[in-house]
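Me: I am new to this structure and would like to learn how to read it. Could we take it one feature at a time?

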Amino acid sequence: MSTRRLTVAQALITFLARQYSERDGHRQRLIPATWGIFGHGNVAGIGQALVESGGDMRYLQGRNEQAMVHAAVGYARQSNRLSAHAVTTSIGPGATNLVTGAALATINRLPVLLLPGDTFATRPADPVLQQLEAPFAGDVTVNDALRPVSRYFDRVSRPEALIPAALAAMRVLSDPAETGAVTLALPQDVQAEAFDWPEEFFAERVWRVRRQAPDPYELAEAVRLVREARRPLLVAGGGVHHSRAEDALAAFADATGVPVASTQAGKGSLRFDHPSDVGGIGHTGTATADELARTADLVIGVGTRWSDFSTASATLFAHPDVRFLNINVTGFDAHKLAADPLVADARTALEGLTAGLAGHRVDPAYAVEYGEDKERWEHRVDAALSTDEELTRPTQAQVLGALDALVTDEDIVINAAGSLPGDLHKLWRARSRDQYHVEYGYSCMGYEIPAAIGVQLAAPGRPVWALVGDGTYLMNPTEIVTAVQERLPLKVVLVQNHGYASIGGLSESVGAERFGTAYRFRAGDDTFTGAPLPVDLAANAASLGMRVIRAKTVRDLREALAEARAAEGPTCVYVETETADTVSGVPPAQAWWDVPVAETATRAAAVKAREEYDRHTRARRHHL
């Protein structure tokens with residue numbers, strides 16, 4: 001048997017460079033690039049191997065380990081989960097900084113390969129720098145913190161163990177149902193150890209991403225349920241996008257007239273102007289979708305994991321006889337809400353369902369009803385997005401309105417946390433299948449800028465917008481430097497409202513009186529009053545190498561956004577809106593969300609909030 005003598009790190013990089021995924025006859029590199037920040041634990045292993053790989057593996061330099069994972073996740077999502085990036089770090093804090101990003105990837109079912117350095121397998125000195133000493137176990141390291149947030153975890157403690165570990169990692173990364181963060185912990189001495197590898201390990205390997213066909217009995221039952229329903233509602237989740245099932249969904253909606261709502265991950269599954277599209281659902285949804293949900297007798301979930309935001313904490317689906325039909329590639333999600341399961345690929349299942357329903361349509365009166373409701377909601381959206389007052393400071397909704405008026409089908413808009421996800425879910429008019437990119441599975445502050453870098457790498461030539469509030473910007477602005485280094489023309493819209501607008505509103509609603517949610521001077525008695533802090537985030541972005549355009553009025557904003565869209569390098573539009581405790585004019589939440597309120601309190605605000613909380617909890621139900 002022919003062999004090749006390489007170190008473990010060299011063998012791993014050589015192996016990764018020869019892995020491919022394939023779906024529907026289209027093939028692409030499974031791992032085309034590796035992000036890295038080097039220190040002891042990976043500089044002499046993976047770092048040296050990347051140098052030796054020549055042009056076979058692209059290297060991307062990050063500034064923060066968590067941000068590197070976010071960038072990789074953005075890339076994977078834009079690549080329809082068919083291509084992913086690897087991320088390598090040193091041991092110690094470099095490795096533990098991966099945990100948040102790994103959780104985000106796994107929760108959102110998005111593939112990323114994590115290659116953290118680890119302490120010595122041979123233990124020549126104990127402890128070594130950055131080693132966690134666990135008195136109860138000699139084999140525990142900080143990398144074990146990645147176990148619960150990884151879809152697959154292995155520690156490669158011997159060279160020969162790399163072969164089954166690497167193959168298992170590729171299997172999970174290319175799995176349409178069970179993907180997420182994959183961690184291969186690499187002890188630093190093992191990385192540098194040489195081994196005679198079989199040449200077959202380095203042969204090109206294709207991982208075919210299957211489209212699971214529906215079980216004929218489950219499909220027949222699904223057809224029966226839809227035919228018998230008088231008020232069906234389909235809820236599109238992220239699985240529609242992962243499957244590239246948008247055309248199949250449109251064909252289903254055209255044929256049957258069933259209205260289609262969407263989760264945050266599923267928004268854009270239908271274009272906003274499709275007659276069946278009724279917008280976002282749940283706590284951040286539209287009045288149209290939420291009213292349909294309250295009266296639906298059949299709810300068809302496609303590729304959704306049914307989070308509390310989508311179900312309004314189990315209070316939204318109020319019809320006494322409501323049934324659920326869940327189309328999902330995992331039985332775990334397909335059985336939620338005591339649903340009738342249709343375990344299959346979203347596209348394949350929708351095609352089968354459409355064929356089985358040939359000639360069936362919803363009652364014309366039902367289609368007229370939701371069409372009129374949709375038109376009324378669009379008038380509310382127009383009012384919120386209106387930018388007629390050109391010389392005034394814009395509201396946050398007007399910022400979205402100015403962007404909405406500028407973008408075309410090719411633009412991609414990215415957001416993750418704060419008040420913007422709610423405003424976007426209600427108001428944004430998604431023009432293409434991948435324009436709307438809001439990470440709300442983990443709702444991680446600091447995601448937007450690094451994710452935009454990953455999206456830009458996956459979609460070169462397309463305008464990519466990162467919408468960032470001041471709170472999330474302060475948590476993770478460092479990857480601006482990476483965008484500058486890579487000469488990526490991403491656009492950052494930095495909205496300054498001097499505080500945490502989303503949590504401020506939530507705090508007020510639960511009786512916490514906006515405590516600790518504004519950026520203001522301390523008054524000396526644990527309150528924060530007075531003028532906003534003299535912090536210049538625009539100057540900070542400029543200091544990191546980004547071109548910054550300041551917009552003071554609606555007119556300035558329109559001009560700045562147009563200038564940024566045409567820019568060839570990374571550009572930031574900085575705009576100051578009302579403070580975080582000012583009402584923005586966006587329609588309020590159309591459904592509830594469960595955040596427990598103090599059961600006993602002396603302050604009137606908390607007492608009133610508890611009364612309101614108890615009223616809502618009485619509407620909660622278990623769907624059995």
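Reply: We can start with a single pair of residues: Ser-262 stands opposite Gly-280 in β14. Keep in mind that this is a predicted model.

Me: Which strand is joined to β14, and by how many bridges?

Reply: In general, the strands of a sheet pair through backbone hydrogen bonds, and the pairing is either parallel or antiparallel. In this case β13 and β14 run parallel, with three bridges between them.

Me: In what order do the strands of that open sheet come?

Reply: The order is β14-β13-β12-β15-β16-β17, six strands with parallel pairing. At the edges stand β14 and β17 (340–343); each has a single partner strand, so one side of each has no neighbour in the sheet. On average, neighbouring strands of this sheet are turned by 20° against each other, direction ignored.

Me: What is the order of the other open sheet, and is its pairing parallel or antiparallel?

Reply: Its six strands follow the order β5-β4-β6-β7-β9-β8, and the pairing is parallel. The edge strands are β5 (58–61) and β8 (152–155), each pairing on one side only. Here too, the average turn between neighbouring strands is 20°, direction ignored.

Me: How many bridges join β4 to β5?

Reply: Four bridges join them, and the two strands run parallel; β4 covers residues 33–36. Within this part of the sheet, Gly-36 stands opposite Gln-61 in β5.

Me: Now the loops. Where is His-274, and is it buried or exposed?

Reply: His-274 lies in the loop between β13 (260–262) and β14. A residue counts as buried when its relative accessible area is under 20%. His-274 has 14%, so it is buried.

Me: Which side chain is joined to that of His-274 by a polar contact?

Reply: The partner is Asp-254, and the contact between the two side chains is 2.8 Å. The side chain of His-274 also has a polar atom 3.0 Å from the backbone nitrogen of Ser-276.

Me: Which residue other than glycine has a phi near 50°?

Reply: Arg-123 has that positive value. Its place is in the loop between β7 and β8. With a relative accessible area of 45%, Arg-123 is partly exposed. Trp-306 is another case: its phi is positive, about 55°, although it is not a glycine. Trp-306 is found in the loop between β15 (298–302) and α12 (308–311). Its relative accessible area is 8%, so Trp-306 is buried.

Me: Which peptide bond is cis?

Reply: The bond from Asp-126 to Pro-127 is cis, with omega near 5°. Pro-127 lies in the loop between β7 (112–118) and β8, and Arg-123 is in the loop between β7 and β8 as well.

Me: How do I read a helix, and which residues of α14 are buried?

Reply: List the residues and check the accessibility of each. In α14 (residues 346–356) the buried ones are Ala-346, Ala-349, Leu-350, Gly-352, Leu-353 and Thr-354. At the start of α14, a side-chain oxygen of Asp-345 reaches to within 3.1 Å of the backbone nitrogen of Arg-347.

Me: What about Leu-424: is it buried or exposed?

Reply: Leu-424 is found in helix α17. Its relative accessibility is 0%, so it counts as buried. From Leu-424 to Asp-321 there are 103 residues in sequence and 32 Å in space, C-alpha to C-alpha.

Me: How is empty space found, and how many cavities of 30 Å³ or more does the structure hold?

Reply: Rolling a probe the size of a water molecule over the atoms shows where empty space is left. The structure holds three cavities of 30 Å³ or more. The largest contains about 180 Å³ of space. It is lined by 21 residues, and those closest to its centre are Lys-267, Asp-277, Gly-279, Glu-378 and Trp-428.

Me: Which elements each supply at least two residues of that lining?

Reply: They are β14 (277–280), α15 (364–385) and α17 (420–427). By type, the lining of the largest cavity divides into eight nonpolar, seven polar and six charged residues.

Me: Which residues line the second largest cavity?

Reply: Its lining is made by Arg-23, Asn-80, Arg-81, Leu-82, Ser-174, Asp-175, Pro-176, Val-209 and His-242. They divide into three nonpolar, three polar and three charged, and the space in this cavity is about 50 Å³.

Key
Residues are numbered from 1 along each chain as its sequence is written. This is a predicted model: local features need pLDDT of at least 70, side-chain atom pairs count only at pLDDT 80 or more; totals for chains, interfaces and linings use all residues. Side-chain values use heavy atoms; hydrogens and water are left out. Two strands pair if DSSP finds at least two bridges between them. Axes are lines fitted to C-alpha atoms, for helices over the stretch in contact, and angles run from 0 to 180 degrees between N-to-C directions. On a 1 Å grid over the protein atoms alone, a cavity is a set of points where a 1.4 Å probe fits but cannot get out, and a pocket is an open set with protein on both sides within 12 Å along at least five of seven lines; lining residues have an atom within 4 Å of a point. Grid points are joined across faces, edges and corners, and a volume is the space filled by probe spheres set on the points. Ala, Val, Leu, Ile, Met, Phe, Trp, Tyr, Cys and Pro count as nonpolar, Asp, Glu, Lys and Arg as charged, and the others, Gly among them, as polar. Buried means under 20% relative accessible area, exposed over 50%, partly exposed in between (1.4 Å probe, protein chains only). A polar contact is a pair of N or O atoms within 3.5 Å; within protein, one must be able to donate a hydrogen and the other to accept it, and residues adjacent in sequence count only if both atoms are side-chain atoms.
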